[in-house]
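This report looks at how aromatic rings are arranged in one protein model, taking a single ring as its starting point and following its neighbours from there.

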Amino acid sequence: MSQVQAPSPVLTAALEGLTAPHKTLPPWLFYDERGSALFEQITDLPEYYLTRTERQILTENAPEILSREVTLVELGAGTATKTGILLTQAASTQAGVLYQPIDVSPSALAAAQHLEQTIPGLRVQPQVANYITEPYTITREPHRHVLALYIGSSIGNFAPAEARAILTSLRTQLHPGDTLLLGTDLAPGPNKSVSTLLAAYDDAQGITTAFNKNILTHLNRELAANFDLDCFRHLARWNPTESRIEMHLESLIAQTVTLAGTPIAFAAGETIHTENSYKFTPATIATLLKSSGYRTTQTLTDPKSLFAVTLAEAI
């Protein structure tokens, strides 16, 4: 007797989002192989201050962050470029370091595994998983706490309830005394204008445009869809009420796209909401952590208060 095959997560997410009254796509669909490569390019752009600022914070505070022997786990690890700063510090102070990167992109994890070649004593144990929709496991080592990394402001891609669910799910695998290191982009303030934020999500070279449109290429490939990328344009907006940058793809014409055999109608000017990037204050960071089962122990930031890296203990 033949079994009915369950629909793929990509198909389920795409149909659910694109048939809603206000069309959306979840941001994890960005990260196929090309999307992961484009995001790495974004992190090097002059407008995209987030990565270099977080890297500066991690570099300056690595000895303090790694003041005890730990096993490191990372959600949404990507190629783990910034994480190498922490892994190098850990390897300098403890005998052997286990690093467990978790990411939806196999190509990104392959790049992360190459860190074994440059950091003595490092063991990389990658997991290909969508940590939002799929289970993952954390290997614990005797006599070592877990340091869970969720950096790069990835938490900002999720609405508050979703962010709490991600951190709460992680908390179920941590023991009291284990630590979370959370990277968050900060809201506009005296040294940070809205225009600075918008430029970070709409760069002059058009790399962010290509990254946003690549989500449609992903659907064309995976679901036999027929999106014409030239009929959509990239939009970045600041939503002060929700304290978030929004990325959209705007349909330039009235059109109908077929997705796995399902017709999806677009009006001219209608958008697909592809990503949010929430911006935080110290108070909203502390509230999020407390509601997810953590106690804030230290907040590290840069001189201009562009970005924050927060240490929190599982309680």
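## Aromatic rings around F266

F266 is buried, with a relative accessible area of 3%, in a model that is predicted. Beside F266 stands F232, and these two rings form an edge-to-face aromatic pair. Since F232 lies in strand 7 and F266 in strand 10, the pair ties together parts that are 34 residues apart in sequence. F232 in turn counts as buried, because its relative accessibility is 1%, which falls under the 20% limit.

The structure holds 11 aromatic pairs. Another of them joins F227 and F266, whose planes stand at 70 degrees, so that this pair is edge-to-face. F227 is found in the loop between helix 8 (207–223) and strand 7 (232–239), while F266 belongs to strand 10 (residues 262–266), so the contact ties together parts that are 39 residues apart in sequence. With a relative accessibility of 6%, F227 counts as buried.

The geometry of the two pairs that involve F266 is set out below.

| Pair | Distance of ring centres | Angle of planes |
|---|---|---|
| F227 and F266 | 6.4 Å | 70 degrees |
| F232 and F266 | 5.4 Å | 85 degrees |

F266 also has a charged residue over its ring: K23 lies over the face of F266, at 4.9 Å from the ring centre.

Ring pairs are also found among other residues, where they link F30, Y31, F39, Y48, Y201 and F211 into a cluster.

How values were computed:
Residues are numbered from 1 along each chain as its sequence is written. This is a predicted model: local features need pLDDT of at least 70, side-chain atom pairs count only at pLDDT 80 or more; totals for chains, interfaces and linings use all residues. Side-chain values use heavy atoms; hydrogens and water are left out. Rings of Phe, Tyr and Trp (its six-membered ring) pair if their centres lie within 6.5 Å; planes under 30 degrees apart count as stacked, over 60 as edge-to-face and the rest as tilted. Helices (H or I, at least four residues) and strands (E, at least two) are DSSP runs, numbered from the N terminus. Buried means under 20% relative accessible area, exposed over 50%, partly exposed in between (1.4 Å probe, protein chains only). A charge sits over a ring if NZ of Lys or CZ of Arg is within 6 Å of the ring centre and within 35 degrees of the ring normal.
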